[in-house]
Amino acid sequence: MQKFLLVLSFILIAITNSLSQDLKSPSDFLGYDLGTQFSRHHQVIDYFKHVSQTLPNQVLLEQYGQTYERRPLYMTIISSEENIKNIDQIRENNLKNAGVIEGNSTSNNPAIIWLSYNVHGNEASSTEAAMKTLYTLITEKQDLLKNTVVIIDPCVNPDGRDRYVNWYNETSSMPYNTDQQASEHHEPWPGGRPNHYLFDLNRDWAWATQIESSSRLKVYNTWLPQIHVDFHEQGINNPYYFAPAAEPFHEIISEWQRHFQTEIGQNNAKYFDNNGWLYFTRERFDLLYPSYGDTYPTYMGAIGMTYEQAGHGRAGLGIMNDEATELTLKDRIAHHTTTGLSTIEMTSQNAEKLNLEFKKFFDNTDLKYKSYVMHGNSDKIEAVKHLLDKHDITYKYAAKGKVSGMMYGTGKEGKYEATEKDLIVSTNQPKGKMVTVLFEPDTKLNDSITYDITAWSIPYAYGLDAIASKQEVKTSITTKTPTLNTKDTLGVGYISAWNSLKDAEFLTALLQKNIKIRFNEKPFTTLKPELKYDRGSLIITRGDNKSSSDFDDIIIETANLHKRKIQSIATGYSKSGTDLGSPDVKLIHKQKIAILSGKSTSSLSYGELWHFFEQQLHYPISSINTEHLHKTELDKYNVLIIPDGYYGDVLNENALKKLQTWIKKGGKLVAIDGSLKSLANKKGFALKTNKVKDTTKTKSNLVPYAEREREATNKLITGAIFKSKVDNTHPMAFGYDKSYLTLKLGNDSYSLLENGYNVAYLEEAPKPISGFAGKDALKELGNSLVFGEERIGKGSVIYMVDNPLFRSFWENGKLFMVNSVFFVNNNRFEL
């Protein structure tokens, strides 16, 4: 028997050696030296497949999703043969440590490290480094795999990467040109950074609006690694950045997380020092906003870190930086590979400690608030549930009774009577710390210099009233049986209320089916049955749709599909208010919408609009490139939306005259955020900038050089939430209350319209209810516009100072956009 086992052992060793010999390096497999060309996404995946097929006992390749452009999303699991045999048990033990699944875990579980590459498509060196890291790890660093499981996502953003790589490969010189002014160092709009819908995936972890993010979260939450590194690139003159991160750190971050990222940084520094490579730490990249590839994992118990290599989309295969040093792709690959392996080394050396501290992180007994209770529109509650499901965060419904705690609306302690429709999210669950971060009423800042927005709380973003309680709120078990609508062929039509984005989706679905719909500008009460309907209700009459032989079937099927409760009405005569034939009950036109895109347009803002209409409303739009605006026949469109951007050259005098002529004939212009600067103070437009006399100029000039950056924060607003006053009798605000929480992303300020409708605005001396706003910036916000409408001839200009679609996570703003397109100045006659 012993001889048999010995022979079997020799056979297995021989097979392993044979497989290892068949393993090719990235350069040998690709047919060119790594770093001399950019590899397309399919080539990278082919290499990872080669490694997994050659060493199946150590390398597992799993597809976890697909991009909008149908490119596959893959993750690779690398470890020792013994660990791979027990990989399911290792994963489950880790989830037991986190309390996600029940049971006792072993303390000697291998540590799990997840490396994410190329979330920004034009930061393309990282995916090349992923191949080299995999090869080096499996050929030279096998000892590190004895007590670690390494997960590599070689390309988080394949669509963006291939957009960049395909452009560069067809544009660059041979040999490459290091001159910064050469065309190969200047990407065309929109660049390779974002995904298909031009979203920044590194800001989408928490909100998961994009298919890549939601697919990744599904698999990420089945592993919950102890270490996560997100590989990036930055400007060509910034050598390399790695942990420790900059302040502010969110207060939920543990001392161990702070400490160990420093240990990792020092280990990285050792290798960089040995090679004479420059680097910096503790600057710029903080750990606050929860939707990054470093912060999200941190709030899920990991040591989350960002690594930034000099280069970005400008660097190409090589570029001469401002210090007359050539920065090559080969250099960038070497640096990213070094930090990746160094971090795996530290993970291996501290595997047992990582497991122990990871388990401690999920002790939530010291959290201040035990329950967050939300009440309001049921569709908005469902939207929150949908988001929480993506993160495997649990929730329940409230039991009837009083709830006390901090009231979101006032910021003060209070009480209210909970109902079984209210949603409770408790921190007494494994992901209680992430719940705290996502729901906190006001973010605590220990430093005003931050890298992103400073307010994001879910109740504010979704337009829900909420209370944060220091006690566990009692819950109830509610079972909801969906109520299906039934048709009534004897009635004059159907009515549906207007309160949420789900109602908007119902509207656009009916319009796509050529159903004619009306809306009311004044409240009314129906006679049979006697029901009250507020402004903006959808009124679908049989008389308007005589040509539709299956009218009732279409209405009922569409309503049931979108889970809308519609009411059949027996007569168009109202008990009070307007009758259905009133001039104040207007037909909703099937609008023809155009959106500006291209040079001068913010790709992110355009992407938000594109995604919103295409993926949420499922309503067609036409994209018009800014270079073609001068020759575009605007009369073909009812609505033109101008995203955030810098339109100095595009919206010149001739272009503005063209727009004004079109508006006067009945066109509707919707301008968002930065695009307002091209309209403000211009002849023919009522919009004026707010100007407050600067009394600090002399003082500012005397601020010491070293203090200028911090002094500048006095003029900044970094994503703070303000309460605005709303005229909800205006069609743009149908479905809203008399106040709206707006996310203000900058200090732009415009005066209230003298000749127009101030639909939403900030009153005198506003203060943020959450987030940071500098004292000087606040001075200019008093009595300033948020949303407004100006009538010009038969048409309108809609001014949106704040972006209601920001990153597609500010859910409560989206109905303003729908109202602007379909309700505002809705003349009975199309262009």
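The following paragraphs describe a pocket, the nonpolar cores, selected helices and one sheet of this structure. The model is a predicted one.

The second largest pocket holds about 790 Å³ of space. Its lining is made up of 38 residues. Those closest to the pocket centre are Asp644, Asp673, Leu745, Phe806 and Arg807. Sorted by class, the lining comprises 14 nonpolar, twelve polar and twelve charged residues. Three elements each contribute at least two lining residues: helix α19 (603–616) and strands β31 (717–726) and β32 (739–744). Space of this kind can be located with a probe: rolling one the size of a water molecule over the atoms shows where empty space is left.

The largest nonpolar core counts 139 residues. Within this core, the members that touch the most others are Trp223, Phe439, Phe613, Ile641, Phe809 and Met817. Trp223 has an extensive list of partners beyond four places in sequence. On the list are the nonpolar residues Met75, Ile77, Ile87, Leu95, Ile112, Trp114, Val149 and Ile151. Arg91 and Asn94 are also touched by Trp223. A second core, separate from the largest, has 53 residues, including Leu30, Leu115, Leu137 and Trp256. In soluble globular proteins, nonpolar side chains tend to be buried together.

Several of the Trp223 partners lead to helix α5. Ile87, Asn94 and Leu95 are contacts of Trp223, and these residues are buried in α5 (residues 87–97). Ile90, Asn93 and Asn97 are buried in α5 as well. An α-helix has 3.6 residues a turn, so residues three or four places apart point the same way. The buried residues of α5 pack against strands β1 (59–66), β2 (72–78), β3 (111–117) and β4 (148–153). Helices α4 (81–85) and α13 (351–361) complete the set of packing partners of α5. After α5 comes Gly99, with a positive phi near 80°.

Two further helices each contain a buried residue considered here. Met346 lies in helix α12 (residues 329–349). Its relative accessible area is 7%, which is under the 20% limit, so Met346 counts as buried. Away from its sequence neighbours within four places, Met346 is in contact with Phe260, Glu263, Ile264 and Asn267. Met346 and Val473 are 127 residues apart along the chain, and their C-alpha atoms are separated by 42 Å. Thr436 belongs to helix α15 (residues 432–439). Thr436 is buried because its relative accessible area, 13%, is also under 20%. Beyond four places in sequence, Thr436 touches Ile252, Leu367, Tyr372 and Thr427.

Thr365 provides a contrast in exposure. Thr365 sits in the loop between α13 and β12 (371–375). With a relative accessible area of 55%, over the 50% limit, Thr365 is therefore classed as exposed. The C-alpha atoms of Thr365 and Trp205 are 26 Å apart, with their positions 160 residues apart along the chain.

An open sheet is built from three strands in the order β22-β21-β25, with antiparallel pairing. Strands β22 (532–533) and β25 (574–577) form the edges, each pairing on one side only. Strand β21 (residues 524–526) pairs with β25 over three bridges, in the antiparallel sense. In this pairing, Thr526 stands opposite Ser574 of β25.

Technical notes
Residues numbered from 1 in each chain as written. Predicted model: local features only at pLDDT ≥ 70, side-chain atom pairs only at ≥ 80, totals over all residues. Heavy atoms only, no water. 1 Å grid on protein atoms, 1.4 Å probe; cavity = no way out; pocket = protein on both sides within 12 Å on 5 of 7 lines; lining within 4 Å. Points joined across faces, edges and corners; volume = space filled by probe spheres on them. Helix = DSSP H or I, 4+ residues; strand = E, 2+ residues; numbered from the N terminus. Buried < 20%, exposed > 50% of the residue type's maximum accessible area, 1.4 Å probe, protein only. Contact = heavy atoms within 4.5 Å. Core = buried A, V, L, I, M, F, W, Y, C linked by side-chain atoms within 4.5 Å. Pairing = 2+ DSSP bridges.
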